[in-house]
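Me: I'd like a close look at one part of this protein's surface. Could you walk me through a nonpolar patch and then place it in the chain as a whole?

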Amino acid sequence: MHEPRYPLLKGWDHQYLWHPFTQMRGWLNEEPLIIERGEGDWLIDVHGRRYLDGVSSLWVTVHGHSHPVINQAIHQQVDQISHTTLLGLSSPPAIELAARLAEIAPRGLTRTFYSDAGATAVEIGLKIAFQYQQQTGSPQRTRFAALNLAYHGDTIGAVSVGGMDLFHSIYKPLLFDAVRLPAPYCYRCELEKS
């Protein structure tokens, strides 16, 4: 991409995008930082300026951007098939990874259920725990414990077992009831301990 596209991209961004955890009134009054690519630990904007990716692009980029081994594996897979579901189907990569995970997991953990994001993994965990109680003779066990100050994602279940904050408190009427426990980490401790 080239710098002359910046005004067009800025206009489209302001007109068509809704940014999560971003106060849109403030965002519309600023010059947006538009990231074009990544190299290792660096993000590079449309003007060519480099920024250290200090948050690993929100917790998911542990190996850096454009890692050649990962890129090669992605290209190899896309050349075969881009996506297939596990709903009544299977695929060699899904099977092989599940077998490897069962090999290295603690004893007794023998199955893998794949998810596409952290919040949906939390939703899956909640549903599996609920289903287990329903099918093993404890249908009355329907509540979850939740740590204050926790963050698990932005789906309704993940927010229900997360801590209430400015971004999530508006959704309180949608959330299921959870038993609230103080966070054991005492940064900004609600128990006034250090």
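Reply: Happy to, and here is the patch first, followed by the chain around it. Please keep in mind that this is a predicted model.

The patch is nonpolar, covers about 420 Å² of surface, and is made by Leu-86, Leu-97, Leu-101, Ile-104 and Tyr-114. Let's take Leu-86 as our way in. Leu-86 sits in a loop, the one between helix 4 (68-80) and helix 5 (92-104). Is Leu-86 buried, exposed or partly exposed? Its relative accessibility is 43%, and because buried means under 20% and exposed means over 50%, Leu-86 counts as partly exposed.

Now for the setting. The protein chain has seven helices and five strands. Reading from the N terminus, their order is α-α-β-β-β-α-α-α-α-β-α-β. The chain is more spread out than a compact globule, because its radius of gyration is 22 Å, well over the 16 Å that the globule rule gives for 194 residues. Its C-alpha trace spans about 65 × 50 × 35 Å along the principal axes.

The surface figures help to frame the patch too. The accessible surface of the protein chain comes to about 15,200 Å², and 60% of that belongs to carbon and sulfur atoms. Of the 194 residues, 21% count as buried.

One last item concerns contacts along the sequence. Among contacts between residues at least 6 apart in sequence, 38% join residues at least 24 apart.

Definitions and conventions: Residues are numbered from 1 along each chain as its sequence is written. This is a predicted model: local features need pLDDT of at least 70, side-chain atom pairs count only at pLDDT 80 or more; totals for chains, interfaces and linings use all residues. Side-chain values use heavy atoms; hydrogens and water are left out. Patches are made of residues with over 30% relative accessible area and no salt bridge: like charges are joined within 9 Å, nonpolar side chains (Val, Leu, Ile, Met, Phe, Trp, Tyr) within 5 Å. Accessible areas come from the Shrake-Rupley method with a 1.4 Å probe; for residues, only the protein chains shown count as cover. A salt bridge is a side-chain nitrogen of Lys or Arg within 4 Å of a carboxyl oxygen of Asp or Glu. Helices (H or I, at least four residues) and strands (E, at least two) are DSSP runs, numbered from the N terminus. Buried means under 20% relative accessible area, exposed over 50%, partly exposed in between (1.4 Å probe, protein chains only). The radius of gyration is taken over C-alpha atoms; the globule rule is 2.2 Å times the number of residues to the power 0.38. Contact means heavy atoms within 4.5 Å.
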